[in-house]
Amino acid sequence: MTDQVLTILKFVLLGLLYLFFARVLWAVWSEVRTPSRRPMVGAPRQATAPSAGQTTPMGRPAAAATNTAPVPKPTKRSKQQRGRATRLVLLEPRSRRGVTIQLGGDIVLGRDASCALMIDDDAYISQRHVRFYDYDGQPMVEDLGSTNGTFHNGSKLTGSKLLHPGDRVQVGTTVIEAQ
């Protein structure tokens with residue numbers, strides 16, 4: 001081979017090496033950045049959350065599971081605005097946005113059919129994942145030993161915590177706000 005052919009092959013190899021590194025950086029960047037709102041792999045099934053005409057565990061009518069009107073972005077409340085949370089509102093995923101559940105008694109969320117709020121289309125939710133309950137008139141949230149954990153305001157929940165208005169609980173891809 002001539003020197004010119006070897007020089008061209010060196011540049012081709014160098015170009016391929018740069019393309020490889022660019023692809024690796026793109027893969028790392030797509031994993032690190034904030035997740036976009038794209039559906040998970042597989043055809044999503046409709047959750048069996050309360051829909052219009054059905055009632056929540058406390059016997060009150062539930063909001064429709066599919067809202068066509070835009071839901072205003074919830075405002076972050078300061079810790080100074082303490083009060084008693086009286087309801088839970090589902091914020092994510094979009095298919096269940098706006099579903100409202102009145103707090104009172106035991107409300108168990110999970111994939112099991114016996115749960116008050118059954119979400120069976122999220123693989124990251126355990127059969128019996130999280131429980132919302134009243135303790136001396138105050139709403140509490142408790143992780144029921146789930147595999148993937150429950151997050152309360154971005155921190156992993158261990159044991160039980162008091163719920164204040166504006167607190168967010170994340171279970172799998174479902175985000176719930178106490179109001």
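Two strands count as paired if DSSP finds at least two bridges between them. Strands themselves are DSSP runs (E, at least two residues), numbered from the N terminus.

Before you click around, know that this is a predicted model, in which local features need pLDDT of at least 70 and side-chain atom pairs count only at pLDDT 80 or more, while totals for chains, interfaces and linings use all residues. Residues are numbered from 1 along each chain as its sequence is written, and side-chain values use heavy atoms, with hydrogens and water left out.

**Stop 1: strand β3**

Select residues 107–110, which make up β3. Look at where the side chains go: I107 and L109 point one way, V108 and G110 the other. All four are buried, meaning under 20% relative accessible area (exposed is over 50%, partly exposed in between; 1.4 Å probe, protein chains only).

Now add residues 130–135, strand β5, which runs antiparallel to β3 and is joined to it by three bridges. Find L109 and you'll see V130 of β5 opposite. Next, bring in β4, residues 117–118: β3 pairs with β4 in the parallel sense, over two bridges. Here G110 sits opposite M118.

If you're wondering what holds such partners together, strands of a sheet pair through backbone hydrogen bonds, either parallel or antiparallel.

**Stop 2: the open sheet**

Which strands sit at the edges of the six-stranded open sheet? Trace the order β2-β1-β11-β10-β7-β8, with antiparallel pairing. The edges are β2 (100–102) and β8 (155–156), each of which pairs on one side only. Zoom in on β1 (residues 87–92), which pairs with β2 over three bridges, again antiparallel. L88 has I101 in β2 as its bridge partner.

**Stop 3: salt bridges**

There are six salt bridges in the structure; each is a side-chain nitrogen of Lys or Arg within 4 Å of a carboxyl oxygen of Asp or Glu.

Show E142 and R131 as sticks: their closest N and O atoms are 2.8 Å apart. This pair links distant parts of the chain, with E142 in β6 (residues 138–143) and R131 in β5, eleven residues apart. Both residues are buried. Add D106 and you have a salt-bridge network of D106, R131 and E142.

Then select E92 and R97, whose side chains meet at 2.9 Å, N to O. R97 counts as buried because its relative accessibility is 18%.

Last, pick E177 and R168, a salt bridge at 3.5 Å, N to O. Is each partner buried or partly exposed? E177 is buried, at 3% relative accessible area, whereas R168, at 32%, is partly exposed.
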